[in-house]
Amino acid sequence: MNANNSVLDAAESVFGRPWIHIVMLFGLAFILSTLIHPEISAFHARRPDSGDPLASILGDGRKLFANHFYVKADVYFHSGYYPTIFDNRESHQTAHMAEDAGVAEGKNTGDEEHFLGKSSDWIDAHSRKHFPSVHTHLGEDSPDGRKNAEREILPWLKFSAKLDPNKIETYTVAAYWLRRTGADGEAEAFLREGLRANPDSVEILFELGRCRYDAKDVEHARNLWALAWRRWQQQEVGKPAEQQNRFIAAAILMHLARLEHAAGDINQCIRCLETLLPLKQNPDEILKRIADVKAGLPLTAE
Amino acid sequence: MHIILAVAGVVILEMIRRKDVYVLLFLTALITLLLGSVNLFGDPNIARYLKEVCLTLIWISSVVIAIATAARQIPAEKESRTIFPLLAKPVTRAQVMLGKFFGCWTACVLSLALFYAFFCLVSGTKEHYWPITNYFQAFWLHAVFCAVVVAMTLMGSVLLAAPSSTITIVGVVVLGILLLGRHLNKVAAKTGGLAGDLLSAIYFAIPHLEWYDVRDLIIHNWPAINWTVIATDTLYGAAFAGLFLVAAWARFRRMALN
């Protein structure tokens with residue numbers, strides 16, 4: 001009885017101390033964490049965009065920000081002269097930076113120079129002296145005339161791609177302007193980043209082909225454009241004509257035709273142009289080119 | 001005049017003792033430098049996005065400093081009852097109001113000078129381009145903007161019950177004018193009718209604070225603004241600041257202090 005009492009006393013003296021409670025709680029927490037951690041890891045791995053803190057915080061809302069940053073890049077392309085939601089935006093429906101890069105079909109109408117219209121009163125007239133009110137494009141007639149100023153649009157495109165990796169235009173536009181300012185390696189690396197996120201993208205494959213062609217790697221460029229064309233057929237042929245992205249199809253075939261012409265394979269060049277024929281709204285121009293190529297004349301750029 | 005300067009001096013000393021400006025400057029510097037360290041396609045000279053972020057933070061900080069400082073002045077003097085010995089000096093209520101205005105405005109201008117010095121440094125280091133005239137114009141217009149906001153807040157502080165309501169209401173008004181001021185006439189034209197007329201009246205009545213925000217010109221390296229425009233803006237701002245101060249004084253003159 002005495003021995004039992006002394007054991008109980010000893011146990012009470014040990015378990016009655018606060019530090020032993022802390023050690024026990026720590027041990028319990030450790031055991032629980034080893035049990036729970038694999039389940040949590042498996043759950044996170046099942047979620048798309050796991051490991052991306054922006055995706056976790058913003059969810060699909062990040063696509064809104066991505067679009068905002070994409071437009072912001074176009075605002076920078078115009079050195080700040082850009083219509084707000086209160087102005088006439090008909091002339092800015094397609095981003096000019098994408099249109100000039102040849103990666104998007106222009107749908108712009110209206111007057112891009114004077115979307116502000118005439119000033120309505122003296123406040124409006126005076127106000128226009130405090131913000132950019134002349135239409136310019138970076139690299140052409142930017143206000144400070146700096147070399148490679150086009151690169152100023154790139155941070156916003158990079159942020160846009162980070163927020164929405166599935167927005168294809170971000171990669172193709174950025175790649176074009178990177179190539180234009182001599183950063184061919186960065187352009188290709190950015191496109192490959194885009195291709196990892198969008199493995200079926202015809203546009204990115206086409207743009208990668210342009211990168212390889214500029215690098216005088218003709219064989220690789222041909223393969224990429226041929227692959228882009230196959231992907232286009234897989235994705236678009238079943239769709240109604242008005243829903244097909246014929247702009248990119250025409251660009252791929254025209255580049256392939258030009259490549260084959262430069263390589264001396266006139267028959268293959270003509271085949272590409274003939275494939276292009278039904279895709280064009282104005283086939284006369286293509287027919288004239290086919291005739292020129294058959295007559296041994298050079299294939300002029302579009 | 002020396003009484004006004006003495007009152008203003010006290011406000012500036014209070015501003016130096018408080019931590020608001022240092023915290024805001026530290027946050028602006030931290031965010032700007034962190035963003036500046038991002039690798040963007042290996043090009044260290046891309047600067048405009050950084051200029052935009054830095055100037056936006058400077059604008060937010062300046063609005064916070066101007067409104068928060070001015071909104072507290074008169075209510076704090078009343079609450080701590082230091083207004084009575086101040087008025088017994090003798091100092092007139094007009095001198096108190098002017099002293100508070102100049103104190104708050106000078107404090108804003110001093111903090112703006114710090115912010116713009118930092119901006120110049122960041123921008124020049126990145127771009128290797130120092131358009132000092134443009135930066136001075138932006139700084140001056142920003143200072144005039146602060147004068148109007150401080151005067152508007154002082155007026156709010158004698159009209160409204162508590163500093164918190166003054167800060168909220170003036171903050172909303174300033175933000176509203178900055179975002180929509182330029183477009184109210186277009187909205188009025190599209191709306192038409194009585195609502196359109198009302199919007200049009202508001203458009204002509206409000207101080208056009210958006211004139212003083214020339215960030216886009218600075219970010220995209222546009223040429224300097226014509227000095228006649230700067231002079232017109234200064235006169236316009238001074239007129240509105242004066243109007244708000246007279247209204248604030250008229251209310252303060254009749255205000256019961258106990």
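Colleague: Hi! Let's start with chain B: what order do the elements run in from the N terminus on?
Modeller: Happy to! From the N terminus on, chain B runs α-α-α-α-α-α-α-α-α-α-α. Do keep in mind that this is a predicted model.

Colleague: Thanks. How many helices and strands does chain B have?
Modeller: Chain B has 11 helices and 0 strands.

Colleague: And how does the radius of gyration of chain B sit against a compact globule?
Modeller: The two agree: chain B has 20 Å, and a compact globule with 258 residues would have a radius of gyration near 18 Å. Along its principal axes, the C-alpha trace of chain B spans about 65 × 50 × 35 Å.

Colleague: What share of chain B is buried?
Modeller: Buried residues account for 41% of the 258 residues in chain B. As for sequence separation, take the contacts in chain B between residues at least 6 apart: 82% of them join residues at least 24 apart.

Colleague: Nice. Switching to chain A, what does its secondary structure come to?
Modeller: Chain A comes to 14 helices and 0 strands. Read along the sequence, the pattern of chain A is α-α-α-α-α-α-α-α-α-α-α-α-α-α.

Colleague: Is chain A compact or spread out?
Modeller: Chain A is more spread out than a compact globule, because its radius of gyration is 30 Å, well over the 19 Å that the globule rule gives for 302 residues. Its C-alpha trace spans about 115 × 65 × 40 Å along the principal axes.

Colleague: Which domains is chain A divided into?
Modeller: There's domain 1 (2-46) and domain 2 (200-302). The C-alpha centres of domain 1 of chain A and domain 2 of chain A are 70 Å apart.

Colleague: Okay, and burial in chain A: what percentage of the residues count as buried?
Modeller: In chain A, 33% of the 302 residues count as buried. Among contacts in chain A between residues at least 6 apart in sequence, 51% join residues at least 24 apart.

Colleague: Now the contact between the chains. How many residues does each of chain A and chain B give?
Modeller: Chain B gives 25 residues and chain A gives 26 residues.

Colleague: Which elements of chain B each supply at least two residues of the side that touches chain A?
Modeller: In chain B, those are α3 (48-79), α8 (184-191), α10 (215-219) and α11 (227-253).

Colleague: Last one: how do the residues on that side of chain B divide into nonpolar, polar and charged?
Modeller: The side of chain B that touches chain A has 13 nonpolar, 7 polar and 5 charged residues.

Key: Residues numbered from 1 in each chain as written. Chains lettered and ligands numbered in written order. Predicted model: local features only at pLDDT ≥ 70, side-chain atom pairs only at ≥ 80, totals over all residues. Domains from an automatic or database assignment. Contact = placed C-beta atoms within 7 Å. Helix = DSSP H or I, 4+ residues; strand = E, 2+ residues; numbered from the N terminus. Nonpolar A, V, L, I, M, F, W, Y, C, P; charged D, E, K, R; others polar. Rg over C-alpha atoms; globule rule 2.2 N^0.38 Å. Buried ≥ 20, exposed ≤ 12 C-beta atoms within 10 Å, placed from the backbone.
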